[in-house]
Every structure is written in structure tokens, then in C-alpha cells.
Amino acid sequence: MSQNILRQAAEVQFAQEIEELKKQDKHARPENWLLSPHAVVTYLMGGQLDNGFTVSPKYIGNRRLMEIAVATLTTDRALLLYGLPGTAKSWVSEHISAAISGDSGLVIQGTAGTGEDSVRYGWNYAQLLSAGPVPEAIVETPVMRGMKEGKIVRVEELTRIGSDVQDSLITILSEKMLPIPELNTKVMAVRGFNIIATANNRDKGVNDLSSALKRRFNTVILPVPETIEEEVEIVQQRVASFSKSIDLPIEKPILEEINRIVTVFRELRNGVSADGKTKLKSPSGSLSTAEAISVMNSGLSLAYHFGDASLKADDLASGLIGAIIKDPVQDKIVFQEYMETVLKQRDGWKDVYRACREII
């Protein structure tokens with residue numbers, strides 16, 4: 001059955017790595033943590049253990065950021081991962097939870113419709129009507145379960161949740177206690193409990209955190225990859241993982257194509273060509289690393305199912321244009337200008353230029 005699952009949870013997919021780290025872990029381990037903070041960072045950043053076992057990197061970037069994030073969770077403050085869309089906030093929160101608690105599934109997905117009963121607790125109304133407010137009628141949320149079991153709870157897109165619901169976390173984070181006034185009781189958090197929240201700074205219509213709630217979080221800003229080499233490595237790693245998970249064979253090395261997609265994204269994102277000679281307008285989209293991964297995955301699927309399984313510029317062009325042109329008027333102008341001033345002039349890129357021009 002597990003072979004049919006499209007994507008395994010981090011703690012299942014990397015169970016062997018976590019187990020090996022656990023065996024080799026000689027550092028101090030906080031109560032109810034599977035691994036020490038040092039081992040958690042090794043799990044995130046990758047490395048070779050004393051017994052020769054190799055741990056794969058989950059995050060490619062600044063190690064100090066991961067150390068700060070993990071160290072935060074040993075204190076009385078929660079962790080807020082903040083940054084542009086596609087900077088691996090959810091990915092990092094999942095893997096930290098997997099390495100600390102062995103369970104990344106205690107998740108609240110923040111939306112405009114997320115209510116207090118999704119954060120604190122809810123009621124089974126059939127039982128409530130028949131037996132009144134009794135403990136058996138309570139519907140536990142991930143937060144309540146995390147408090148009882150001493151585990152990490154993830155809150156995705158915290159700023160999409162209404163401000164009044166956000167503030168229901170204040171007592172939980174400051175006093176490590178969840179009052180249940182209907183039963184005249186409370187749930188006290190077990191050691192190991194904490195919250196990792198994510199938020200991005202590009203979405204419209206988000207709700208700013210109150211100053212009281214901000215004080216309960218330590219904010220770690222996850223940046224876009226600093227160098228093209230870093231970004232290419234991230235895309236290469238994630239594309240290989242995706243292809244393996246759905247049995248999509250890669251017929252030839254695709255590093256060159258990844259380089260080209262990442263170059264296009266970085267140039268348009270930064271507003272200047274790679275050689276620094278041509279100033280460019282940036283489109284409205286974020287052009288994140290996650291979108292570059294999506295373009296590559298889409299291209300590989302097209303090549304395999306509707307081509308000769310060899311990735312070509314034609315397979316990438318539609319995904320590339322879809323990622324760049326979010327506004328059909330302004331973004332189209334921006335990309336056409338980029339095509340004529342950069343793509344058309346660049347040696348070895350005529351196939352990308354022609355493929356994109358045909359679609360536009």
C-alpha cells in the first residue's frame with residue numbers, strides 16, 4: 001500500500017536517516033525530542049556520520065539559519081518562518097517537525113475561514129446535544145494533541161488567519177496552557193510542545209500579527225538562494241525526488257536545462273541580466289525556486305508522455321511562460337522584451353527563444 005502513496009511524510013521517507021542519526025547522536029537531547037538540536041541540523045543540512053552513513057541535505061543554504069530555527073524550539077518562544085513564496089518554509093517546517101517529533105502531521109492550514117475551533121478545540125455536536133459539555137464531546141485540534149503529546153505543531157500561512165483567531169494562540173504560547181472554560185479545566189502542555197508557523201510577504205489581503213503575538217515568536221527569514229549554484233542544486237535534487245516518486249525516468253542529464261530555467265528566473269527576479277549589462281523589468285509573479293521545480297517537472301512529464309522522453313526546449317517553454325506571465329498584459333510585455341533583448345542574443349539559447357516565441 002505504501003508504494004502507491006504519491007508523497008510520503010518526511011518521517012516515513014527519511015526514516016532510515018532519522019534512525020541512523022538517533023543511533024549516532026551523542027549530544028544533549030531535550031525532553032520528548034527524537035534527536036538533539038545538533039542532530040536535527042545535521043538532518044536538515046546533510047552530512048556524513050561517524051559510521052560512514054550519508055545524510056541527504058533537505059535545506060541548501062545558510063546553516064546558521066537552521067541552527068537559529070532549531071535552537072528557538074528549545075526555548076519558550078515559537079518559530080515563525082517568514083519570506084517570499086517558494087523559499088521552502090513549509091518544507092523546512094515539515095522536516096524540522098519530523099526530526100524533532102517523528103510526526104510532521106500535526107498541521108493547521110491557515111485560511112480566511114480558519115476559526116478558533118480549528119486552533120483551540122471543537123465539539124462533536126451530536127454528543128454535545130445528548131450529553132452536554134463532557135470531555136468525550138471535545139474534538140481535539142492538532143494544537144491540543146501537540147500539547148498533550150509534547151510534539152511540534154505546524155501552522156501554515158499564519159497571516160491568512162483572521163487576527164482574532166491568531167490571537168487565540170497567545171495564551172497557548174505564553175502560558176503553555178489551553179483553557180476549556182466549558183469544562184472548568186485546562187490542558188497543560190507537555191515538554192517538547194512548540195509551534196512552527198509560516199507566512200509569506202507577497203500575498204494580498206493578509207492579516208498582520210498583533211504585537212502581542214509577534215513577541216511570542218522568533219522570526220527566521222528564509223531568503224531566496226544566494227547563488228545560482230545553490231538554486232540549481234535545489235531544483236536538481238527536488239526534480240530527481242519527484243521523478244523517482246512517480247516512476248518518471250530521466251533519459252538524459254538535465255542539468256543544462258535546469259541551469260537555463262534558473263538563469264531566466266534569476267534574471268527576471270533581479271531585474272538585470274546575468275552579465276550585468278542589460279537592465280530588465282520584473283514580472284508580477286515571485287518566480288520562486290518552487291516554480292522552477294514545477295517547470296522542470298512539467299517539462300519532463302511532457303517529454304516522457306508526448307515526446308521521445310528526451311527533454312527539449314519545446315517541453316519547457318509552456319511551463320516557463322505559465323510561471324512568468326501571471327498578468328496577461330503587463331507580464332507578457334515584460335517577457336517579450338526579455339526574449340528580444342536577452343534570449344535572442346544569447347549563444348546556444350535560440351531553441352528556447354523560438355519555443356517561447358511560438359507559444360506567445
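# A guided tour, starting from Lys 58

Begin by selecting Lys 58, which is found in the loop between β2 (54-55) and α4 (63-72). The model on your screen is a predicted one, and the values along this tour are computed from it. Because its relative accessible area is 5%, under the 20% limit, Lys 58 counts as buried. Now show its side chain and look at where that side chain goes: it reaches the backbone oxygen of Ser 56 at 2.5 Å, and it also reaches the backbone oxygen of Tyr 43 at 2.9 Å. To see the surroundings, add Phe 14, Glu 17, Tyr 43, Leu 44, Trp 91 and His 95, which Lys 58 touches when residues up to four places away in sequence are not counted.

Next, turn to the pockets. The largest pocket has a volume of about 860 Å³. Of the 25 residues that line the largest pocket, select Arg 7, Gln 13, Ser 241, Phe 242 and Ser 245, which are the closest to its centre. Then colour the helices α5 (89-101), α12 (228-245) and α14 (289-306), since these are the elements that give two or more residues to the lining of the largest pocket. Among them, α12 supplies the largest share, with 6 residues. If you colour the lining of the largest pocket by class, you should find 8 nonpolar, 11 polar and 6 charged residues.

Keep those helices coloured and move to the second largest pocket, which has a volume of about 510 Å³. Its lining is made up of 28 residues, and the ones to select are Gly 86, Thr 87, Ala 88, Lys 89 and Pro 223, which lie nearest its centre. Here too, α5, α12 and α14 are the elements that give two or more residues to the lining, and the largest share, 4 residues, comes from α12. By class, the lining of the second largest pocket has 12 nonpolar, 8 polar and 8 charged residues.

From the open pockets, go on to the enclosed space. A search of the whole structure finds 1 cavity of 30 Å³ or more, and the volume of the largest cavity is about 70 Å³. To outline this cavity, select Glu 257, Arg 260, Ile 261, Val 264, Ala 313, Leu 316, Ala 317, Leu 320, Trp 349, Val 352, Ala 355 and Cys 356. The elements that give two or more residues to this lining are α13 (255-270), α15 (313-324) and α17 (350-359). The residues of the cavity lining divide into 10 nonpolar, no polar and 2 charged.

The next stop is a hairpin. Select strand β8 (residues 177-180) together with strand β9 (residues 185-188), and you will see them pair in the antiparallel sense over 4 bridges. To follow one of these pairings, pick Pro 179, whose bridge partner in β9 is Lys 186. The hairpin has 4 residues between its strands, and there Asn 184 takes a positive phi near 55°.

Finally, compare two backbone angles. Most residues other than glycine have a negative phi. Asn 184, in the loop between β8 and β9, is not a glycine and yet has a positive phi of about 55°. Glu 157, which is found in the loop between β7 (152-156) and α9 (163-166), likewise has a positive phi of about 55° although it is not a glycine. Is each of these residues buried or exposed? Glu 157 is buried, with a relative accessible area of 19%, whereas Asn 184 is exposed, with a relative accessible area of 74%.

Key:
Residues numbered from 1 in each chain as written. Predicted model: local features only at pLDDT ≥ 70, side-chain atom pairs only at ≥ 80, totals over all residues. Heavy atoms only, no water. Buried < 20%, exposed > 50% of the residue type's maximum accessible area, 1.4 Å probe, protein only. Polar contact = N/O pair within 3.5 Å; in protein donor to acceptor, adjacent residues only side chain to side chain. Contact = heavy atoms within 4.5 Å. 1 Å grid on protein atoms, 1.4 Å probe; cavity = no way out; pocket = protein on both sides within 12 Å on 5 of 7 lines; lining within 4 Å. Points joined across faces, edges and corners; volume = space filled by probe spheres on them. Nonpolar A, V, L, I, M, F, W, Y, C, P; charged D, E, K, R; others polar. Pairing = 2+ DSSP bridges.
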